[in-house]
Amino acid sequence: MTLPDSQTLLYLVLAIGVLFVLYMAVKDLFKPKEATPAPEAARSTDKSVLPFQLQAYERLVLLVERINLQNLISRIFQQGLTATDMQIGLIQTIKAEFDHNVAQQIYVSPTAWEAVKTLKEQTITIINQVASQLPENATAMDLNKQILEVFLQAENSPSELTSQILNAEAKKLF
């Protein structure tokens, strides 16, 4: 009997991992639903949590503004930076801003949190795609111009759409 090669072993481990993740995702679908609390209890809980929810939405709107590339570029840019330095600075700042606000997901709707996560991922993807198309000797200014051009060509800013989702979700609390 021969042992599998390392690539086959890697695929096997990945397949087991995927099966485990699928199992964890599907098992909750078949759990019996718990009884819903009485409306009075829910209202009193809502009243005590409402300020935290509103604060979470406020903080996430601020996060969206802080990772908006137009705002971020003006905060990060320094003369003499290379495009790679700027790319790294932008991405590190986005990740730090996101990590600083990750606990807000406790108080907001899944839709709102998913919108914020998607914005973060889209923004990082845009930075990386634009940076990958620049020559090696490109400056930070070259990267910034290309990024801003992408936003000028887009009909709707991802940050605007995310802010609209957060505002709509926050208004549902009233």
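In this predicted model, F52 comes out as partly exposed, with a relative accessible area of 44%. The residue belongs to helix α2, which runs over residues 39-67. On the surface, F52 teams up with I106 and Y107 in a nonpolar patch, and together the three offer about 310 Å² of accessible area.

Helix α2 also takes part in the charged pairings. Side chains of opposite charge can pair when their charged atoms come close. A search of the whole structure turns up four salt bridges. In one of them, R66 meets E97 with an N to O distance of 2.7 Å. This pair ties together distant parts of the chain, since R66 sits in α2 and E97 in helix α4 (residues 83-100), 31 residues apart. The two ends are not equally covered: R66 is partly exposed at 32% relative accessible area, whereas E97 is buried at 12%.

Another salt bridge stays within a single helix. K117 pairs with E114, and their closest N and O atoms are 3.5 Å apart. Both residues lie in helix α5 (residues 110-132), three residues apart, or about one turn of the helix. Here both partners count as partly exposed, K117 at 27% relative accessibility and E114 at 40%.

Then there is E169 with K172, where the closest N and O atoms are 3.1 Å apart. E169 is buried, with a relative accessible area of 11%, while K172 counts as exposed at 60%. Elsewhere, salt bridges with shared partners join R66, R75 and E97 into one network.

Turning to helix α3 (residues 69-76), the buried residues are L69, L72, I73 and I76. Viewed down the axis of α3, these buried residues fall within an arc of 100°, so they line one face of the helix. The start of α3 also has a polar contact: a side-chain oxygen of N68 comes to within 2.9 Å of the backbone nitrogen of Q70.

Finally, a look at helix α7, which covers residues 158-171 and includes T162. Is T162 buried or exposed? At 5% relative accessibility, this threonine counts as buried, because the cut-off for that label is under 20%. Leaving aside residues up to four places away in sequence, T162 touches V64, A115, V116 and L119.

Definitions and conventions. Residues are numbered from 1 along each chain as its sequence is written. This is a predicted model: local features need pLDDT of at least 70, side-chain atom pairs count only at pLDDT 80 or more; totals for chains, interfaces and linings use all residues. Side-chain values use heavy atoms; hydrogens and water are left out. Buried means under 20% relative accessible area, exposed over 50%, partly exposed in between (1.4 Å probe, protein chains only). Helices (H or I, at least four residues) and strands (E, at least two) are DSSP runs, numbered from the N terminus. The arc is that of the directions from the helix axis to the C-beta atoms. A polar contact is a pair of N or O atoms within 3.5 Å; within protein, one must be able to donate a hydrogen and the other to accept it, and residues adjacent in sequence count only if both atoms are side-chain atoms. Contact means heavy atoms within 4.5 Å. Patches are made of residues with over 30% relative accessible area and no salt bridge: like charges are joined within 9 Å, nonpolar side chains (Val, Leu, Ile, Met, Phe, Trp, Tyr) within 5 Å. Accessible areas come from the Shrake-Rupley method with a 1.4 Å probe; for residues, only the protein chains shown count as cover. A salt bridge is a side-chain nitrogen of Lys or Arg within 4 Å of a carboxyl oxygen of Asp or Glu.
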